[in-house]
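Work through the exercises below with the model at hand. Try each task before reading its solution.

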Amino acid sequence: MDAGADTDVILVGAGPVALFAVFQLGLYGLKCTLVDSLHRAGGQCAVLYPDKPIYDVPGFPRIDGLDLTARLLEQIAPFAPRLHFGTTVTGFAQQPDGRFRVTMTDGAAIGASVVVIASGLGTFVPGEGEPSLEAGPAPGWPLERTKDAFIVDAERFETSQPGVFAIGDACHYPGKLRLILSGFHEAALMTQAVRRISFPGGRTALAYTTSSSRLRKKIEGAVSSQE
Ligand SMILES: Cc1cc2nc3c(=O)[nH]c(=O)nc-3n(C[C@H](O)[C@H](O)[C@H](O)COP(=O)(O)OP(=O)(O)OC[C@H]3O[C@@H](n4cnc5c(N)ncnc54)[C@H](O)[C@@H]3O)c2cc1C
């Protein structure tokens, strides 16, 4: 676990939606740091229903929460995200240069160009036995919200603060469904918005991993650099 260095994107939470976002962002060369109050990835899948079958993840007729988490971690391994576990994000402040300084309960602070809130239903607090849930979006954060989620637009998934995005169960927009597959879609659209911010004037056409040699090289290059 290396939380020391600054990053392109910091993700608050390491549930299934944040994990898939690392893959999407990685395709565009964006380096990610994931922070979770738990000592492991997987969010609700890992805590609330680790062994129960999930039947509505596309491509998997049946998969349990721990297996899905393991596969997502395998999928993002080529992009080598930094994992900062067992600490809670307490806040973020925009600096004069436009970057964010994100602070945590363990005293760490990480700089990032973009903040992506993927905090789900709230913070899982580890303790004796099963973790307990401190439900709801962090109260002190200066973002427009409903009772239990941050309000975003359904095109960019940006919150009321430019540069701060929210995806997965942590976000709300008309028609929002709290399903894993919806979170994956939100991660893909958020990524398109973040890449336009990060590389203004860059390519705008969508590229496919099947047919784009550029994207394939990114994935395969990252895989082979790990071997
Ligand atoms: C009983 C149950 C069954 C379900 N079954 C299905 C199903 O069959 N199919 C389906 O698609 N969906 C199902 N869901 C919904 C699915 O679990 C959620 O949609 C999904 O987990 C949302 O993922 P997420 O990554 O947005 O958030 P989460 O999985 O909630 O992960 C968020 C993570 O962020 C961390 N976090 C929060 N705040 C902070 C902070 N400030 N600092 C650090 N870490 C923080 C939390 O500890 C947590 O680990 C079910 C939900 C429940 C409760």
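**Exercise 1.** Find the bridge partner of Ile10 in β8.

Solution. Start at Ile10: the partner in β8 is Val115. Next, take the strands, which are DSSP runs of E with at least two residues, numbered from the N terminus. β1 and β8 (residues 109-117) pair in the parallel sense over 5 bridges; pairing requires at least two DSSP bridges between two strands. This is a predicted model, where local features need pLDDT of at least 70, side-chain atom pairs count only at pLDDT 80 or more, and totals for chains, interfaces and linings use all residues. Residues are numbered from 1 along each chain as its sequence is written.

**Exercise 2.** Trace the chain from β1 to β2 and give the handedness of the crossover.

Solution. β1 also runs parallel to β2 (residues 32-36), joined by 4 bridges. Val9 stands opposite Cys32 in β2. Between the two strands the chain passes through helix α1 (residues 16-27), a β-α-β crossover that is right-handed. That term means a clockwise path from the first strand over the helix to the second, with the strands pointing away from the viewer.

**Exercise 3.** Decide which is buried and which is partly exposed: Ala80 or Phe157.

Solution. Count other C-beta atoms within 10 Å, placed from the backbone: 20 or more is buried, 12 or fewer exposed, in between partly exposed. Ala80 has 14, so Ala80 is partly exposed. Phe157 has 27, so Phe157 is buried. Now check phi: near 45 degrees for Ala80, near 65 degrees for Phe157. Phe157 sits in the loop between β11 (150-151) and β12 (164-166).
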